[in-house]
Amino acid sequence: MKQACSCVLLVLLWQRVTAVLDPLRHNDCHSRAVSMETQILDNYLTDQHTVTVIESCTEIPIMSPYCLHNPVPLNAFTLHRFQAFVHQSLEHTTQELEYRTSECFVGSGHKDDLLTELLPYLSEYNPLAKVMLITQEMADQELAELFHAAWYRYRLLQLIVLNHRANDTIESCLFNPFRKALSPELRYLPTGKSDLHCRLLTDGQQLDAYNRELNHFIDDRVCNLNGYPLNIAMHVSNGSTSAYDCILGTVSFTDIDQEILSIMQKQMNFSLILHKNELELSIGYIHQNGTPVGALGLIEQNAIDLAANSRIIHNYDTRNLLYLHYISTEKLVFITPRNYFRNRDKTQVFINPFSVAYMLTNVLLSFGVPMIIFLLEYAARRLDVPREPSSHTFGTKVLNLVGIIYNVSVKLPRADRKRWIIVGLLVYNIVSYPIWQGVTIRYLHPSNQQVNNINSLEELIETELELKVSHYHEHIVRHEGPHFQSPVYSALSGRLSTRNTSSLRDSIEQIIMHGNSALLIAEEYVPLVLAGNYRWIPGKPDGIWPIQKPIYEFYKSMAVPKTSPFAGTFNAIVLHCVEAGMNDRFKHQLETAVQLMQIRRIREHPSVPDYIVFNMEHLLPLFIFYFAMLLLSGGIFLIELAVHAFQASRARSQQRAPLSVPVEEYVPFEFVH
């Protein structure tokens, strides 16, 4: 067997190319075979910018690059030097590896040389670049084997082979694996010559039609896959049934990921092979150490063609991972037991420490101080204790001080019944304060929904609730590293449990019946959960309250390998779907389902909810007491005026007759100025 040899011409934009050989010379650009080869290469190099030659031997010479009508910058490498360059590039590349689409590889050699010395390095360096292989008198079966290995083993789709059959005859062959026949099990069959698209060229006049055919073949390669099997990882849940399996009933709709995937399948005509082994394998996330898991790990290994609902959790310098343009935000929020703080509205108004201390202090001072002064003065009169002639006695000063404390601006009268009027005013003061405190709180919180429920993550931490998360979201939550910097998120994450969360129905039943747990679910499904009637739980039409602030927020997108030839078509379809409002349509479907659920619940359960809303009507007895005390005080005041007027008229009539004993003028109230 002849000594193996191969020569390669490559388009390289790598800036670190330091070893460049002198351009190889040619001496025959006008022969018919070289002229046809040059015109094919000239057409094939559309949008290509640089060419680098890799020389191994001259058994199968490469002449066409030096005969191009539109020359491009030409560099040269030996084959072994190129192989070393590929190894060095991969070793020093720590950031994400971007494959250039403006590169073209041209090489020559026999089948074994191409398969072992050239194609593996081309695949590692840039599997997206165009490749032109030049060979001589290669057998039909060898051509089929070369194309089969180039695509199925090395993922080199942009490949054209020019097989020189004679001095003036070139056989140009292309391969489209998506048009190839499949076995009934959707497995790859061996590639034969009939699967190739080959054409014999003997005259330069055929090249114009051939070049147009070549361009159409390349552009149309992935537009119609003709039943080609695509391996896709996706969490199939029939419209995310896991999010609301308890309330679906007769309402059903398709998840947005499934709908976009269905549009892709219809437009590209491929056969779908879903990876449904485990939930973790149908989604993807990335550990903090940069390790892709699940679907993303499969993509990194070229094991699947598309991850339809992968998750981006951390920034990752991807080598083989490419996210499509469809990206939406998903938030996770807690749903908690409704009215968890059952009577907190009343306790905040009347039984909070400040109100209790205020009322107790007022009661003690209102009743205790007057009674003590009354007893002291009673004892002084019984014991005939001499008193100062001045009216400003000790008791009067004390009562003046008490009056100032309670905003009462009168001196305490001597009559016992009038003293109790003052006591009544003080009691009114005691009652009026919590009444107006309640009015203020009711004004700030019109219903007990905001007062008696858990409305913040800080309040959730203070409870003894068992915090649960489904297995589906648990993989996301556990690796949400940046949020752990917050003490609130760290405390909540440390308490999360996946125990008994396989069914959302059971989890919601635990929340409603026992009120001892809270569940973390997707925010977009919360209205749908709240619209459920929970008919399987007797006497519990409602029992769920959501915390509005999300605890986690992450991105949801589709991902494909960078080596995938479908990336451009996938992106075009996804962008078309997004521009057509697929996200808005999906959310509108959710809103419609919520409205239908609420209509059905109102029809089946028209009764009033079993919980009592604490509002202003419940303060009516306090206001009645308030106005009764006001009327009582006003009535006593009018009676006092009448008594005073009667006593004054009686005193004036008695002054007309001589009195042996002077009568001291009596003033029922003395106002302090």
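Accessible areas here come from the Shrake-Rupley method with a 1.4 Å probe, and for residues only the protein chains shown count as cover. The model is predicted: local features need pLDDT of at least 70, side-chain atom pairs count only at pLDDT 80 or more, and totals for chains, interfaces and linings use all residues. Residues are numbered from 1 along each chain as its sequence is written, and side-chain values use heavy atoms, with hydrogens and water left out.

**View 1. The whole chain exposes about 34,800 Å².** Carbon and sulfur atoms supply 56% of that area. Of the 673 residues, 47% are buried (under 20% relative accessible area, 1.4 Å probe, protein chains only). The chain holds 22 helices (DSSP runs of H or I, at least four residues) and 18 strands (runs of E, at least two), numbered from the N terminus.

**View 2. Strand β13 spans residues 306-312.** Seven of its seven residues are buried. Strand β9 (residues 228-233) pairs with β13 in the parallel sense over two bridges; strands pair if DSSP finds at least two bridges between them. Leu-306 in β13 is the bridge partner of Ile-232. Strand β18 (residues 552-561) runs antiparallel to β13 and is joined to it by four bridges. Tyr-555 in β18 stands opposite Ile-312.

**View 3. Thr-563 lies in the loop between β18 and α20 (567-579).** Thr-563 counts as buried because its relative accessibility is 9%. Beyond neighbours within four places in sequence, its contacts (heavy atoms within 4.5 Å) include Pro-127, Leu-128 and Asn-320. Tyr-99, another contact, is 464 residues from Thr-563 in sequence, with 8.4 Å between their C-alpha atoms.

Definitions and conventions: Buried means under 20% relative accessible area, exposed over 50%, partly exposed in between (1.4 Å probe, protein chains only).
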